[in-house]
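The following report describes selected strands, helices and packing contacts of one protein model. The sequence and structure are shown first.

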Amino acid sequence: MSPTRTQPTTKPTRQPGRVAFVGAGPGDAGLMTVRSIEFLAKADVVVIDQVAREDVVARHCRADVEVVDAGHGDHGQPLTHAMRAKLVVKAAKAAHGGLVVRLMDGDPATFNGLAEEALACQKAGIGFDVVPGVSAVSAVPAYAGIPLTSSSSPAVHVIAANDRSVDWSASATESVTVVLLGAPDDLTGALAKLLAAGRSESCPVALTERGTTIRQSTRVTTLGEVAKVMKTVEFPALAVVGSTVALREQLSWFETKPLFGWNVLVPRTKEQSGSTISRLESYGATAEVVPTISVEPPRTPQQMERAVKGLVTGRYEWIGFTSVNAVKAVREKFEEFGLDARAFAGLKVAAVGGVTAEALREWGIVADMVPSGEKSANGLLADWPPFDEVLDPINRVFLPRADIATDTLVAGLVEMGWEVDDVTAYRTVRAAPPAAEIREAIKGGQFDAAVFTSSSTVRNLVGIAGKPHPSTVIACIGPATAKAAEEHGLRVDVLAPEASSDSLVDALADYGLGLAAAAAEAGEDVVRPSAKKASSRRRAK
């Protein structure tokens, strides 16, 4: 009888996760690198740094990502480099083959403890990658309009303000620009040591808080007077000392944007507000989106289904899209039926404006007609060709629209000889009221401006959140929207010259420039509208 052989048993190995040390940049999300965003998209765990990066995580990470705070301990005290290193190693060991992104402020290799944390990973047998980031050392002064070097100041000394071993006499010469990073208390001590080392009392100093963000604030003083200013400086901050600080008066480009620091209310859905938000940010503003409507399917889908089937079988000569929501509704119905953009072959397509046309292009469809003038139903009618029995083999038009759409376009097309299938593609219902703090901000004047893109956004915002405070600048996309605003007791300050969201934001920026020019002429500082709410303006009744 042969002996029984037993197979050797092996325990599955539990490989730790891999760590990626990723630079988050100095604050402006647009300064993050392509590689950093790629790593964040794959992350299973994100270990954040001292500066809050929840917005970066929300924008670029999966919804189920685990977030670990390596900035402060349980009692709010900042963690040491050694403590952070232990957190990173612990997270990697628990990740079991996953990816841990160590999201570091600015650039990982510059005053961020990369050496300590990477060495801890190496010692624990944990693999890692390093993704450089834009450092606050160069970015923050650049956003403040301060070059670090010039012909008269060719050298730069970058110093951690809490470094106790610095030879300050090496930075005392006037030809050196000194960049100091650290907590306000450490900055105060470092600047005092630089003064004691022989740097001139009259040497210019710039203190920038929350650099590269729309909340950036820069104050210019001298080394002899800086201690007084430092009492009100908050973290994160950076100090630049040297002759190049004087160039800020001519080179300040970020904090002088027309809407810099403005908080603008955008009463639309986030899906519809992307271009508006980007344009507001380009002018230095931040946007708070408050949905005023909710888009829902029609109560009975049969009409829409018949129209889509008719489109495929050649029932229509034209299809007219009057909104992005209409494009979305038709596309969803196509996908439900297993169709794609090829079904539009031979069909003429009209789009009410550039945003709607872009939504079609994303679907692979190029609109045959976009109004050359006003981007509205009237603009479509102005360019829409009348029905011609000789040139047009079919006289029908498919209009997938909202349940509350006006009859202007339909009546105009019928008058030109077209037969119109006006189909309810989606319903618009009033959205739920925003959070209590948002409602209070709207009524309490914490928004500098509100931009309205339709009459319904005016009615619905007032209905779910109340009227904006009298100090809030009201900007409207066109006369109909302005009329609705006035009917609700709002004074319209800005009217877009063209019916587009870009034109609306541009007009608001021009208004901001006007306020700045008036303040300069009066010899006053520019004050945001929300800061003037104590002296509320009278509104049109």
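Strand β4 (residues 99–104) is largely enclosed by the rest of the structure, because six of its six residues are buried; buried means under 20% relative accessible area, exposed over 50%, and partly exposed in between, with a 1.4 Å probe and protein chains only. Both faces of β4 are covered, with Leu 99, Val 101 and Leu 103 buried on one side and Val 100, Arg 102 and Met 104 buried on the other. The model is predicted: local features need pLDDT of at least 70, side-chain atom pairs count only at pLDDT 80 or more, and totals for chains, interfaces and linings use all residues. Residues are numbered from 1 along each chain as its sequence is written, and side-chain values use heavy atoms, with hydrogens and water left out.

Helices and strands here are DSSP runs numbered from the N terminus (helices H or I, at least four residues; strands E, at least two). Two strands pair if DSSP finds at least two bridges between them. Strand β4 takes part in two parallel pairings, listed below with two further pairings.

| Strand | Partner | Sense | Bridges and one facing pair |
|---|---|---|---|
| β1 (residues 18–23) | β4 | parallel | six bridges; Val 19 with Val 100 |
| β2 (residues 45–48) | β4 | parallel | three bridges; Val 46 opposite Val 101 |
| β13 (residues 293–296) | β17 (residues 419–430) | antiparallel | four bridges; Ile 293 with Arg 430 |
| β16 (residues 396–402) | β17 | parallel | seven bridges; Leu 399 opposite Asp 422 |

Strand β17 thus appears with an antiparallel partner, β13, and with a parallel partner, β16.

An open sheet of five strands has the order β6-β7-β10-β8-β9, with mixed pairing. Its edge strands, β6 (155–160) and β9 (217–222), each pair on one side only. From one strand to the next, the twist averages 20°. Within this sheet, β8 (residues 204–209) and β10 (residues 237–241) run antiparallel and are joined by five bridges; Thr 208 has Leu 238 in β10 as its bridge partner. Helix α5 (residues 136–143) packs on the sheet, where it touches β6, β7 (176–182), β8 and β10, and its direction makes about 75° with that of β10. Helix α6 (residues 184–196) also packs on the sheet, touching β7, β8 and β10, with its direction at about 150° to that of β7. Contact means heavy atoms within 4.5 Å. Axes are lines fitted to C-alpha atoms, for helices over the stretch in contact, and angles run from 0 to 180 degrees between N-to-C directions.

Helix α3 (residues 81–95) packs against helix α4 (residues 114–123) at an angle of about 40°, with the axes 9 Å apart. The two helices are therefore oblique to each other; angles under 35 degrees count as roughly parallel, over 145 as roughly antiparallel, 65 to 115 as roughly perpendicular, and the rest as oblique. At their contact, His 81, Arg 84, Ala 85, Val 88 and Val 89 in α3 meet Glu 116, Glu 117, Ala 120 and Cys 121 in α4. These residues divide into five nonpolar, one polar and three charged; Ala, Val, Leu, Ile, Met, Phe, Trp, Tyr, Cys and Pro count as nonpolar, Asp, Glu, Lys and Arg as charged, and the others, Gly among them, as polar.

Ala 482 lies in helix α17 (residues 479–487) and counts as buried because its relative accessibility is 8%. Not counting residues up to four places away in sequence, Ala 482 touches Cys 476, Val 492 and Leu 495. Its C-alpha atom is separated by 51 Å from that of Val 100, 382 residues apart along the chain.
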